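Colleague: I have the model open and a few short questions. Shall we go through them in turn?
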Amino acid sequence: MLQLKEIDYYLNNEVVLITELRGNLSGLKERTIQVLEDLKSSIFSSGELASFSFLQQIISQAKEINRKIAILVNRRGEVLRIKVGELTEDFFQNVERRKSDKRLSGLRCIYLTFNQELDRRAEIFLKEYRLDLVLHIYLNNLKEKNKAKAHYPSVEEGSLILGSKVQGPFTVNQLINIDYIDEVQAIENQLKAEETVEVSEAAAERAFLVGLDGFNNNVSQQLEPLKELNNLVKTAGIKVVGKEVQYRQQPDSRYYIGYGKVQELKSLKYELDFNVIIFNDELSPSQQRNLEEELDIKVIDRTQVILDIFAQHANTKEGKLQVELAQLNYLLPRLIGKGEQLSRLAGGIGTRGPGESKLEIDRRRIRKRIDNLEAQIDQVQKTRAVQRSRRNLPMISLVGYTNAGKSTLLNSLTDVNTLAKDELFATLDANTCKLKLPIGRKVLISDTVGFIRKLPHQLVAAFRATLEEIKESDILLHVVDVSQVDYEEKMEAVLDVLSELNVLDKPMITVLNKIDLVQNKERLNLIKQEIDNSLTISAVNEGGIDNLIARISDLILGTMVEVEILLPYSDAGALDLIFQNGKVVEEKYKNDGIFIRAKISQEVANLVDEDYIISKERLI
């Protein structure tokens, strides 16, 4: 029997996973294996037993290959493993799960067979691995409908016993309406007896944060070195139970922190009961491996947290492509020698790997996927370039540190309703809206992904299609949360990225936002005086928006001309072009045509027949 484990990266609106395809794959067509790999990226809604689409596809594949298939899913709806063939003990090993005898594991198994009844071995696994349930789907090769039964653990005197409580049979259509959570909670209530501890998915991961401070003079470092990392981890949905900062001039080449500090963390692990350590800098692959081996716990870094957040917030196909590329480029050098650590530390925030069996095949497959993603992103860039070539409107890009208020400002400027949340990286996919200025000129305003200190270089490279909008912009609005004490450092972080994109030569207005949160108005005036071409606003209550629009209008005027045109009545349709794309100052209907004096862009002026133009002058 051929045992094949494959590492793959998948993206979804909520989670990024590395899942497994295993079992007897011999004799299967490449197309079938690809379909099963694609199904591994499935994530079901909260409380959903399984999606109808997933069930249809997996049933179809099982019938086509005439083999049993098992699927392992956690309570977040993440497909962790798919196995072709008989359900065996190794399918449940090395998977992160609850281990308390007063709780179920939080895992459920979907098992497709050609037998009408579930075999005894599967019921043993139901008890031994404390599964939430085994959903057994009987595959009928006749024209009759496939039947399914839900097998829940049996409880007696507060303990699990061999056997199962069966519900069903159900049709596949009926499965999507089953609320299995209520049944699972009822079972756990029986297990807990007199205990009243609530089972909570949020408590599954408890993080301890670690930073290094080389006696830094930065304001943010002096105040709280791990504050931003704490916010990132919170955004990723993980509970922080402790923090530690070590003061040393240089990172340790082997462990990043000193060996003595590593031993302290080993003791704290049991005292605070955390199961993941998160470092405030990007660790080298060897540092990460050494720490995992020494601490016997999952170790991730700031880069992985940011990538994880990006994966959760990417909603469009383009966003998912770019995040997946960044994930894989980060993952590839870290596969070497991970071995048992990847298996032991599977699940949760950051990467989740099944192990390094067939590692060279895995790495080759990942490289192939990277090539495929880069080709798709190149095509996105070409498509965007064609779209840009067809638009005749100036482009204004909102840039700035994450959570500086860019989306709120876009809403205030354009009266649209894009997502604006007090959360890091709430916007990943560029939002572009039209705005008509008082001078009569229409412009496009684009809200782009926010920047951050120590922005992973993988993201900058992967998001080249999105960041291309900034490079092609006519004006940049650098939005700054001036209420933050470390606003200058955040401005520098943004300017560093803009420098990397070679766009610092573009016209830029620095928009000092969130002045409603600044108590010291004298300080605000000083800041404004120190920063060239800046103005103050409050995007949330629209204070100062008119001044910003006026400043934008002044810059746009530099690209406009005032024309006097005499349009013959036979070509009156050109009048619509002028009204739609400029500001008409004077309009008179004469015997020989329509006299127009208007402010329009040079591009629009070029579209008007030269014989109709009486005069043309630049506005600035």
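Colleague: What share of the area that the chain exposes do carbon and sulfur atoms supply?
Modeller: Keep in mind that this is a predicted model. The chain exposes about 27,600 Å². Of that area, carbon and sulfur atoms supply 45%.

Colleague: How many helices and strands are in the chain, and what percentage of its residues is buried?
Modeller: The chain holds 21 helices and 22 strands. It has 620 residues. The buried share of them is 55%.

Colleague: How are helix H1 and helix H2 oriented, roughly parallel or roughly antiparallel?
Modeller: H1 covers residues 30-39 and H2 covers residues 52-65. Their axes come within 11 Å and cross at roughly 155°. Angles over 145 degrees count as roughly antiparallel. So H1 and H2 are roughly antiparallel.

Colleague: Which class, nonpolar, polar or charged, do six residues of the contact of H1 with H2 belong to?
Modeller: H1 contributes Arg-31, Thr-32, Val-35, Leu-36 and Leu-39. H2 contributes Phe-54, Gln-57, Ile-58, Gln-61, Glu-64 and Ile-65. Three of these residues are polar and two are charged. The six are nonpolar.

Colleague: Is Arg-618 buried or exposed?
Modeller: Arg-618 sits in strand S22, residues 613-618. Its relative accessible area is 51%. The cut-off for exposed is over 50%, so Arg-618 is exposed.

Colleague: How far apart in space are Arg-618 and Glu-562, C-alpha to C-alpha?
Modeller: Leaving aside neighbours within four places in sequence, Arg-618 is in contact with Gly-558, Thr-559, Met-560 and Val-561. Glu-562 is 56 residues from Arg-618 in sequence. In space, C-alpha to C-alpha, the distance is 6.2 Å.

Key. Residues numbered from 1 in each chain as written. Predicted model: local features only at pLDDT ≥ 70, side-chain atom pairs only at ≥ 80, totals over all residues. Heavy atoms only, no water. Helix = DSSP H or I, 4+ residues; strand = E, 2+ residues; numbered from the N terminus. Buried < 20%, exposed > 50% of the residue type's maximum accessible area, 1.4 Å probe, protein only. Areas by Shrake-Rupley, 256 points an atom, 1.4 Å probe, with all protein chains shown as cover. Axes fitted to C-alpha atoms, helices over the stretch in contact; angles between N-to-C directions. Parallel < 35°, antiparallel > 145°, perpendicular 65-115°, else oblique. Contact = heavy atoms within 4.5 Å. Nonpolar A, V, L, I, M, F, W, Y, C, P; charged D, E, K, R; others polar.
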